[in-house]
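This report walks through one chain, starting from a single strand pairing and working outward. The model comes next.

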Amino acid sequence: MTATAAATAEIAARAEQVWKAYGSGETEVVALRGVSTHFERGRFTAIMGPSGSGKSTLMHCLAGLDTVSKGAVWIGDTQVTGLSDRKLTKLRRDQVGFVFQQFNLLPTLSAEENILLPLSIAGRKVDRAWFDTVVDTVGLRDRLHHRPSELSGGQQQRVACARAFASRPDVVFADEPTGNLDSRSGSEVLHFLRNSVREFDQTVVMVTHDPVAASYADRIIFLADGQIVDEMLDPTPEDVLDRLKRLDIGAEVEPSERPGAV
Amino acid sequence: MLRSSLKGLLHRKLRLILAVIAVMLGVGFVAGANVLTDSLSSGFDKLFATVNENVAVQVQPDDDAADGETEPPRLTAADVARLESVDGVAKVHGDVSAEGVVPFSVDTGKAVQTGGPPSLGIGIDPDELEDPASIVRLVDGSAPERDDEAVLTKRTANLAAASVGDTIKVYVPRLREAKEYRVVGVLQYTGDRDSLGGETMVGFTIEEGQRLFYGKEGVYSGASIVAEPEVADTALKRRVAADLPSGFTAKTGQEATDEQASEIKEGLGFINWFFLTFALVALLVGVFLIFNTFNIVVAQRSRELALYRAMGASRGQVTRTVLVEALVIGLVGSGLGLLFGAGLAMAAQGFFGAIGIDLPDGGVVVSVTTVLISLATGIGVTLVSALAPAIRASGVSPVAAMRDVVKPDKPLRWLLLSGLLLAVPGVALIAWALTGIGGATLPVLGLGVVAVFVGVALLSPVLTRPLSGLVGGLLSWGAASKLGRRNALRNPRRTAVTAAALMIGVTLVSAFTVLGASFKATVTELFNDQRGADVIINTTNMQGPPDGRLGFDPDKLDEVRDIDGVEKAAPLHVSVAKVDGSDSYVSATDLASAKSMFAMTVESGRVGDLADDEAAVDKRTAKDNGWKVGDAIAVQPAGGGERTYRIVGVYDSELGMNGVLLDSAAAKLFAGDLANQGYVKLSDDADSDAVVKQVESILADYPMVTVADRSDMVEQVNSQIDIALNIFRVLLALAVFIAFLGIVNTLLLSIYERTRELGMLRAIGMARKQVKRMIRVESVIIAVFGCALGIGLGLALGVAVGNALIDQGQMTTIALPGVDLIAFVAVAVVAGVAAAWWPAFRASRLNVLEAIAYE
């Protein structure tokens with residue numbers, strides 16, 4: 001994509017000079033060091049990086065699950081930074097969708113009830129047409145009345161995906177969504193994520209360390225030591241693997257660039 | 001293995017803390033009851049030891065000699081003089097004393113009530129007060145010198161608001177009336193005690209005392225003998241015994257002390273069992289809580305336990321790690337319970353003191369037995385509760401360490417079966433106990449009830465889904481409530497066990513409430529019946545069964561009959577008696593008048609004026625004993641000889657009269673001829689309040705006598721029932737409270753288990769308020785479920801016991817206290833909300849990110 005496209009496209013989520021530190025004094029760990037980026041509507045972005053690079057932290061901050069130490073985060077037009085717990089909850093409920101590595105479905109609810117859970121928590125009316133679209137896309141039509149314990153891992157994760165899209169959020173965050181799945185189930189989930197972006201104009205931000213998973217994205221952001229070190233558009237698995245290798249070497253060559261304080 | 005399980009225990013201490021508290025509360029009650037009775041009996045031991053401190057030998061009438069005759073034998077002055085000459089005797093004090101000598105308040109003119117301890121009168125030798133060995137001394141004024149002078153102990157003076165120089169009215173049983181004395185002195189016991197154990201005591205001159213108590217001077221009821229130095233009590237007792245007139249026996253001071261104390265200890269033993277019963281109920285509830293705790297913790301730890309197994313731990317070792325935890329919890333809980341119990345006992349003693357019950361001071365006695373019983377109960381209960389979960393823990397397969405094993409819900413069929421196997425015999429036992437077959441009714445009833453409790457607890461998982469669904473259906477609005485309901489149904493066993501714990505307390509409270517309401521209804525029905533007496537004179541006697549020595553002079557009823565509006569009045573003399581050899585009561589009355597007062601109907605024979613050797617008996621007593629008209633029965637009232645009476649009539653009374661009835665003249669054969677009760681029939685237009693006032697003034701000199709019209713009577717009995725109900729409710733509150741902790745416990749443990757789920761819910765937009773509501777709904781469902789089970793069982797039990805009482809003629813109707821039962825449900829809802837408070841707070845404050853990452 002080009003810079004002009006980025007400028008004209010609507011922004012679904014944005015980070016501005018985001019710093020994140022845990023602990024204080026001797027034990028302080030800095031996870032993010034002035035990260036600025038944005039995620040355009042209708043695109044599928046992957047965040048990659050080695051363990052401890054801050055990729056999950058960045059996603060948590062963007063999603064309003066964690067607070068930033070410095071800088072600011074927006075979802076759509078809403079500034080996330082500084083919101084009260086109640087407003088954050090509302091934001092997560094209405095503007096954000098989540099897909100977790102552990103599926104995290106409620107065992108007491110059927111697949112359909114799980115999918116509609118965010119709407120029923122919000123007390124919102126179900127848009128049946130959209131619900132049907134989502135259900136058909138994930139291919140769960142005949143599994144709607146099953147309990148999670150009666151579904152395979154891949155099916156459970158597809159339910160979780162459907163749940164994330166059910167409320168038509170501004171952005172869906174997926175945290176290692178294929179981490180607990182075999183490769184076939186994983187690719188089903190990834191296809192679904194990509195299709196929902198392409199066909200229904202949804203926005204997905206996915207954290208992963210799997211180059212194959214990342215290659216489904218339109219764009220990849222590489223993080224190392226809490227900073228964005230690279231970006232890649234329309235990647236292939238080979239490109240990604242190659243880039244990751246270089247990142248790892250870079251991290252090992254320049255250990256002095258890891259100061260302990262902000 | 002031991003190390004790791006102890007470490008694990010420390011790690012999980014928050015999850016187990018409520019189990020510890022449950023053990024602590026249950027054991028605390030057990031220990032408290034023991035400490036209280038030990039402390040009280042130690043107090044009474046000290047009291048009687050003080051009384052008999054300087055007494056080497058006590059001379060008193062034979063027990064059986066006192067039974068056969070109206071008047072016990074007396075020692076004469078000559079007897080006392082002869083005792084003084086016995087070798088080794090230093091001094092002989094002739095005893096001049098009587099019970100039932102009641103002072104009246106100088107302020108209010110009302111009789112001074114002690115509420116249990118005796119009202120004593122003694123004759124005092126002024127020299128004795130000077131004796132340094134005496135246990136009483138003057139703190140004000142002087143000893144009585146003249147016949148119209150009296151001294152009071154400090155407590156008596158306080159209760160009667162009397163001081164030196166006042167004139168005080170004193171009721172003397174032998175005179176059957178009150179007499180006035182001038183207070184000349186106030187006494188205290190050694191150690192500056194106002195009384196020994198809450199009793200009142202009025203002291204007269206020796207001669208006045210003898211006249212008042214025995215009817216003549218120069219006689220004594222017994223004697224206290226002081227030995228010369230170096231003379232052994234037992235040796236002296238033998239020599240004294242050899243010289244005693246017939247009908248008297250000699251005891252050493254120690255023997256007398258033990259005997260006096262043992263009677264009171266018997267009564268204390270009853271108090272101990274009373275409290276222990278409630279402690280056992282609380283412990284039973286505790287069992288449910290502990291069982292649930294271990295079950296849940298074991299389920300949560302299955303991965304860890306599987307790891308032990310994978311590393312080579314045997315099944316036995318896994319079971320033992322769980323049991324070690326139980327042992328530690330039992331030990332810590334019982335230890336704390338012991339302290340808590342001692343505190344409770346101290347508080348109870350303080351409370352008795354504060355409400356004016358002056359008990360002898362025995363300190364706080366924590367005996368070795370109490371410690372052992374408390375530890376054994378606490379540890380035993382915990383181990384037994386943890387046994388099943390511990391065995392279950394060992395069944396975890398090693399492979400469970402590697403992956404999440406989804407355990408399918410086990411079918412409830414076996415639970416259903418074993419529940420029925422317990423509940424059905426339980427119901428049979430209850431039925432057996434209530435029909436009175438075999439006689440051992442109370443323990444069998446208790447056993448039956450416990451069997452039903454455990455049986456229903458086992459059955460309740462089957463009921464969880466329909467019942468909780470119903471309750472939940474009423475509460476489910478909004479997604480959060482719906483999720484809460486689903487959570488309550490999610491683990492039927494857990495919900496059921498938690499609810500069943502609450503059921504126990506609620507069942508007992510409901511059953512007592514049904515019985516209380518039924519008794520009230522019975523009483524109201526009884527007294528509202530226009531056919532019976534309108535005004536009832538009654539004697540409240542706290543000091544033992546009636547025998548004719550307490551009450552009022554039946555001749556006073558002549559004055560009552562003269563009151564405007566009084567149609568007739570009849571006395572009722574009551575005495576304990578042996579009838580055909582078994583303990584019972586007999587009443588003597590003017591049957592012709594009494595017949596209408598009690599709405600008596602004739603079942604067979606003749607019920608009317610009785611001759612000297614004739615008796616009438618109610619149909620139930622007749623049936624129970626197989627008596628019929630024409631039979632002869634042998635009646636021996638307390639303090640009198642045996643006589644044979646012929647049954648001439650069998651009656652039935654709708655107004656509660658029962659037992660063997662004799663003619664009024666038979667009262668002369670009782671220990672005393674005072675009437676215990678009086679019944680007054682008024683004309684239709686009479687003002688009963690005015691009549692009550694007039695009767696009261698006529699009988700003002702008789703302490704313990706109360707006068708009431710029908711509405712007063714209903715009110716009095718109702719308030720007594722209310723007091724009894726409230727005592728039961730307060731004591732059962734402990735069991736309900738432990739069940740309440742059980743709900744908190746289950747919710748807290750469930751929240752641990754569902755941490756990740758809660759994190760997810762918060763992440764996808766559930767507000768804190770919604771999280772709280774979800775947990776509140778789960779809690780309310782458990783509470784209402786338990787309460788509903790309890791009310792159901794309680795109603796059944798109450799109605800069953802009520803029917804048994806109706807069969808025995810002790811009750812006429814069964815009333816269902818609808819308002820109370822609805823109130824219980826309301827309380828359950830409130831309790832559910834309250835129980836959810838802390839778990840809901842914790843759940844709503846979970847850190848979303850950490851919760852999602854929680855394993």
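Val59(B) has Ala223(B) as its bridge partner in β13(B). The model is predicted. Strands β1 (residues 57-61) and β13 (residues 222-227) of chain B pair in the antiparallel sense, over three bridges.

These strands belong to an open sheet of four strands. The order is β3-β13-β1-β14 in chain B, with antiparallel pairing. The edges are β3 (89-95) and β14 (248-252) of chain B, each paired on one side only. On average, neighbouring strands in this sheet are turned by 20° against each other, direction ignored.

Two helices of chain B contact these strands, as the table shows.

| Helix (chain B) | Strands touched or crossed (chain B) | Angle |
|---|---|---|
| α4 (residues 77-84) | lies across β3 and β13 | about 160° to β3(B) |
| α8 (residues 233-242) | touches β1, β3, β13 and β14 | about 170° with β14(B) |

Now the core. The largest nonpolar core holds 336 residues. Leu193(A), Ile225(B), Ala282(B) and Val285(B) touch the most other members. Helix α2 (residues 13-51) of chain B gives the largest share of this core, 20 residues. Leaving out residues up to four places away in sequence, Val285(B) touches Ala501(B), Ile504(B), Gly505(B), Ala735(B), Ile738(B) and Ala739(B).

Finally, the whole chain. Chain B has 25 helices and 24 strands. Of its 855 residues, 48% are buried. Its C-alpha atoms fill a box of roughly 100 × 70 × 50 Å along the principal axes. Among contacts in chain B between residues at least 6 apart in sequence, 83% join residues at least 24 apart.

Key:
Residues are numbered from 1 along each chain as its sequence is written. Chains are lettered from A and ligands numbered from 1 in the order in which they are written. This is a predicted model: local features need pLDDT of at least 70, side-chain atom pairs count only at pLDDT 80 or more; totals for chains, interfaces and linings use all residues. A residue is buried if 20 or more other C-beta atoms lie within 10 Å of its own, exposed if 12 or fewer, and partly exposed in between; C-beta atoms are placed from the backbone. Two residues are in contact if their C-beta atoms, placed from the backbone, lie within 7 Å. A nonpolar core is a set of buried Ala, Val, Leu, Ile, Met, Phe, Trp, Tyr and Cys residues joined through C-beta atoms within 7 Å. Two strands pair if DSSP finds at least two bridges between them. Axes are lines fitted to C-alpha atoms, for helices over the stretch in contact, and angles run from 0 to 180 degrees between N-to-C directions.
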